[in-house]
Amino acid sequence: MTQASFPAWPEVAADLVNVAAGRSAADTIITGGIWVNVHTREALPDHDIAISRGRIAFVGPGADHCKGPDTQIIAAQGRYMIPGLCDGHMHIESGMLTPAEFARAVIPHGTTSMFTDPHEIANVLGLEGVRMMHDEALMQPVNIFTQMPSCAPSAPGMETTGFEITAEDVAEAMEWEGIIGLGEMMNFPGVSNADPQMLAEIAATQRAGKTVGGHYASPDLGPAFAAYVAGGPADDHEGTCEADAIARMRQGMRSMIRLGSAWYDVESQITAITEKGLDSRNMILCTDDCHSATLVNDGHMNRVVRHAIDCGCDPLVALQMATINTATHFGLEREIGSLTPGRRADVILTSDLSALPIETVIARGQIVAQDGVCLAECPHYGWPKHARQTVNMARDLAGDDFAITAPAGANAVTANVIGVVENQAPTKALQFELPVTEGRVTAHDDVAQIALVERHRATGGVVNALVSGFGYEGCMAMASTVAHDSHHMIVVGTDTDQMALAANHLRALGGGITVFKDGVPLATIDLPIAGLMSDSPAAEVAAKTDAVMQAMRDCGCTLNNAYMQHSLLALVVIPELRISDLGLVDVRSFEFVDVIVS
């Protein structure tokens with residue numbers, strides 16, 4: 001049963017009432033479990049759940065009065081019955097998978113509701129790309145709610161995207177079934193400065209009665225932050241410390257704390273609850289960005305909940321943060337997020353609330369996963385040809401395209417360098433003195449070259465800069481058409497010829513990620529859909545992802561999930577220093593800066 005065909009509560013209310021009263025038989029009864037009630041934060045033993053038409057009709061110490069000759073019985077056998085997990089903020093494209101394959105990957109981990117912002121594909125294919133993601137999402141056996149992307153480009157004037165999202169696009173999308181609100185409002189300076197387009201997008205969302213997502217990626221919690229909150233964003237996931245979480249909750253926002261493949265922001269913020277004692281109903285767990293290897297090898301929202309518990313959070317509080325808190329925030333408390341009458345019958349059976357093994361997953365009353373195996377069909381959308389031909393480079397590149405020319409006569413230069421910070425989205429603005437060889441700045445020690453290759457309009461543009469933190473050694477390069485948020489092509493390397501080889505390889509492939517060393521590709525992930533996603537199964541993409549990460553290690557990189565750091569180097573709305581197709585951007589001031597200082 002797809003999201004589009006799933007009946008609304010009023011359509012089945014009579015059936016639910018009759019089953020609860022014992023006048024009609026339930027379709028399914030889960031018997032003998034411990035009912036985890038996230039409304040009251042209780043774990044109540046010896047309870048049954050009766051299900052009809054994909055929704056919960058009755059929860060109580062015994063549901064024999066709901067049983068009929070054809071009622072399916074699922075024996076909980078004393079296990080905990082918890083609500084299906086909700087991811088409050090995420091990007092399907094970061095999994096390098098289509099919505100169908102992403103759903104197939106996370107269903108066995110107990111994720112039954114996702115709030116997704118497809119702004120990656122919006123940058124490449126515009127409103128049409130958003131619609132394609134939205135349509136495939138509605139086909140899935142679990143709940144995928146789409147947020148209309150707000151910022152393409154994320155910082156107007158700082159980058160050039162394949163398409164732009166307008167206030168008119170936002171107003172149109174608010175009429176689509178399954179659109180739950182506005183995606184993260186990344187242009188925080190625009191909101192704080194009352195930019196008419198940003199406020200018009202927020203207004204269109206609020207008039208539709210939907211939720212405005214936030215993205216305040218600045219440490220400034222003074223008047224600029226207050227102005228941003230006054231503009232309308234209702235949540236934020238860009239906090240990295242306890243003070244960030246507290247400030248957001250005090251100002252009436254939901255603090256979304258994330259554990260993604262490379263973002264480890266839970267431990268530093270959950271102390272607002274565990275130590276400061278703030279109201280936990282204003283905090284939500286999310287992933288933001290998880291690539292396929294994380295999904296296959298480590299998990300999804302179950303991983304985040306376990307981590308929160310490991311950080312000292314009470315298991316029932318952690319579950320609230322991944323269920324009812326999320327549902328309430330998006331106005332869906334009467335649909336999802338708890339095991340109570342009328343709600344969608346999204347249930348997990350687990351034998352341990354802390355270790356959280358996901359043993360049985362039920363979505364809309366149907367068993368969709370058992371012991372780590374997805375049992376549900378996850379239908380695919382028919383992606384058109386033009387969605388698979390999005391790497392539009394003017395020509396093949398040569399090593400000279402990646403040269404950084406030094407001032408005449410210089411033997412060394414002082415240069416601005418992007419500094420990668422392990423396990424965090426922000427970078428550092430660094431300066432290094434670097435040698436000059438034959439008139440060109442030379443990558444040296446831990447400083448590598450980085451280039452942004454234009455791939456939307458075949459302009460032939462290449463912007464060159466420098467980056468530190470990857471630890472690369474030898475003659476190598478890594479290239480990716482996943483380059484948040486404009487999604488041109490990022491190439492990082494120690495050798496310009498290798499950089500050219502890697503870029504040209506992805507041009508021929510039609511998008512993906514590749515690592516070259518000594519003229520040979522060590523590993524490649526092909527991502528034919530928008531240069532962002534594969535419609536292959538997650539396990540296949542994960543195996544290729546593992547190979548890419550091993551290739552990065554073979555080139556000297558020891559960072560945790562360094563691929564995610566690579567993919568965000570063009571994200572010009574998160575401080576401090578980033579690269580775009582227009583130049584090197586100091587995000588603290590939203591100004592372009594020169595690569596060579598002196």
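Ala, Val, Leu, Ile, Met, Phe, Trp, Tyr, Cys and Pro are counted here as nonpolar, Asp, Glu, Lys and Arg as charged, and the others, Gly among them, as polar. With that in hand, the enclosed spaces of this structure, which is a predicted model, can be described.

The search returned 7 cavities of 30 Å³ or more. The largest cavity has a volume of about 110 Å³, and 18 residues line it. Lying nearest its centre are His91, Asp288, Asp289, Leu568 and Leu571. Sorted by class, the lining of this largest cavity comprises 7 charged, 6 nonpolar and 5 polar residues.

Open spaces come next. The largest pocket holds about 540 Å³ of space and has a lining of 28 residues. Nearest the centre of this pocket are Ala217, Ser218, Pro219, Asp220 and Pro575. Two or more lining residues are contributed by each of α5 (188-192), α8 (242-250) and β19 (427-437). Of the elements, α5 supplies the largest share, with 3 residues. The lining of the largest pocket divides into 14 nonpolar, 8 charged and 6 polar residues.

A helpful residue to look at individually is Glu93, found in the loop that runs between β6 (85-90) and α2 (99-106). Its relative accessible area is 3%, and because buried means under 20%, Glu93 is classed as buried. Beyond its neighbours within four places in sequence, Glu93 is in contact with a run of residues comprising Asp117, Pro118, His119, Glu120 and Ile121. Met133, Leu532 and Met533 are also in contact with Glu93. For a sense of distance across the chain, Val467 is 374 residues from Glu93 in sequence, and 25 Å separates the C-alpha atoms of the two.

Finally, there is a small piece of sheet to trace in the viewer. Strands of a sheet pair through backbone hydrogen bonds, and the pairing may be parallel or antiparallel. Here, an open sheet of 3 strands follows the order β27-β28-β29, and its pairing is antiparallel. Its edge strands, each pairing on one side only, are β27 (577-580) and β29 (591-593). From one strand to the next, the twist averages 45 degrees. Between β27 and β28 (residues 583-586), which run antiparallel, there are 4 bridges. A convenient pair for locating this part of the sheet is Ile579 and its bridge partner in β28, Leu584.

Terms used: Residues are numbered from 1 along each chain as its sequence is written. This is a predicted model: local features need pLDDT of at least 70, side-chain atom pairs count only at pLDDT 80 or more; totals for chains, interfaces and linings use all residues. Side-chain values use heavy atoms; hydrogens and water are left out. Two strands pair if DSSP finds at least two bridges between them. Axes are lines fitted to C-alpha atoms, for helices over the stretch in contact, and angles run from 0 to 180 degrees between N-to-C directions. On a 1 Å grid over the protein atoms alone, a cavity is a set of points where a 1.4 Å probe fits but cannot get out, and a pocket is an open set with protein on both sides within 12 Å along at least five of seven lines; lining residues have an atom within 4 Å of a point. Grid points are joined across faces, edges and corners, and a volume is the space filled by probe spheres set on the points. Buried means under 20% relative accessible area, exposed over 50%, partly exposed in between (1.4 Å probe, protein chains only). Contact means heavy atoms within 4.5 Å.
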